[in-house]
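Work through the following exercises with the model in view, and compare each solution with what you find yourself.

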Amino acid sequence: MKPRYSFNVRDLQRIEPNGTDQWIHDPATRGLSLKVTASGRKVFVLRYRTESNRQRKLTLGSFPEMTVVVAREAEGQDAVEHRGVDQMVLAQGLAGSEPMR
């Protein structure tokens, strides 16, 4: 059975790498997750859909340098300010065009 974690600093610090990537989802913030890599790196990731219904993942920052509160605020700000605009395109500074492949 998969262990259950609360999306708080204490529980997120306790998560150990297990040889594969783990995704811990924030129940309070839609699309926000903590990805724990096989090597133990922890990053906040925002999953979202573009206007064309394409699923994207945007890395917000590393944990614990970025706190849970800041990650939640970043997600909320992005959702309000750029509704329907591809966040990945904005992050690359190419608003209005598709990212290069």
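**Exercise 1: an aromatic pair**

F63 has a relative accessible area of 7% and is therefore buried (buried means under 20% relative accessible area, exposed over 50%, partly exposed in between, with a 1.4 Å probe and protein chains only). The model is a predicted one, in which local features need pLDDT of at least 70 and side-chain atom pairs count only at pLDDT 80 or more, while totals for chains, interfaces and linings use all residues. Residues are numbered from 1 along each chain as its sequence is written, and side-chain values use heavy atoms, with hydrogens and water left out.

Task: describe the aromatic pair that F63 forms with F44.

Solution. Begin with the whole structure, where a search finds two aromatic pairs; rings of Phe, Tyr and Trp (its six-membered ring) pair if their centres lie within 6.5 Å, and planes under 30 degrees apart count as stacked, over 60 as edge-to-face and the rest as tilted. For F44 and F63 the centres are 5.8 Å apart and the planes make an angle of 85°, an edge-to-face arrangement. Next, place the partners: F44 belongs to strand β3 and F63 to the loop between β4 and α2 (68-81), so that the pair, 19 residues apart, links distant parts of the chain (helices, H or I, of at least four residues and strands, E, of at least two are DSSP runs, numbered from the N terminus). F44 has a relative accessible area of 0%, and is therefore buried. Finally, F7 joins F44 and F63 in one aromatic cluster.

**Exercise 2: the sheet**

Task: give the order of the strands and the sense of their pairing.

Solution. The four strands form an open, antiparallel sheet in the order β1-β2-β3-β4, where two strands pair if DSSP finds at least two bridges between them. At the edges lie β1 and β4 (55-62), each of which pairs on one side only. From one strand to the next, the twist averages 35°. Strand β3 (residues 42-49) is paired with β4 in the antiparallel sense over seven bridges, and V45 stands opposite T59 in β4.

**Exercise 3: a loop residue**

Task: is T29 buried or exposed, and which side chain does the side chain of T29 contact?

Solution. First locate T29, which sits in the loop between β1 (22-25) and β2 (32-36). The relative accessibility of T29 is 9%, so T29 counts as buried. The side chain of T29 is then seen to make a polar contact of 2.9 Å with that of D26 (a pair of N or O atoms within 3.5 Å; within protein, one must be able to donate a hydrogen and the other to accept it, and residues adjacent in sequence count only if both atoms are side-chain atoms).

Technical notes: Axes fitted to C-alpha atoms, helices over the stretch in contact; angles between N-to-C directions.
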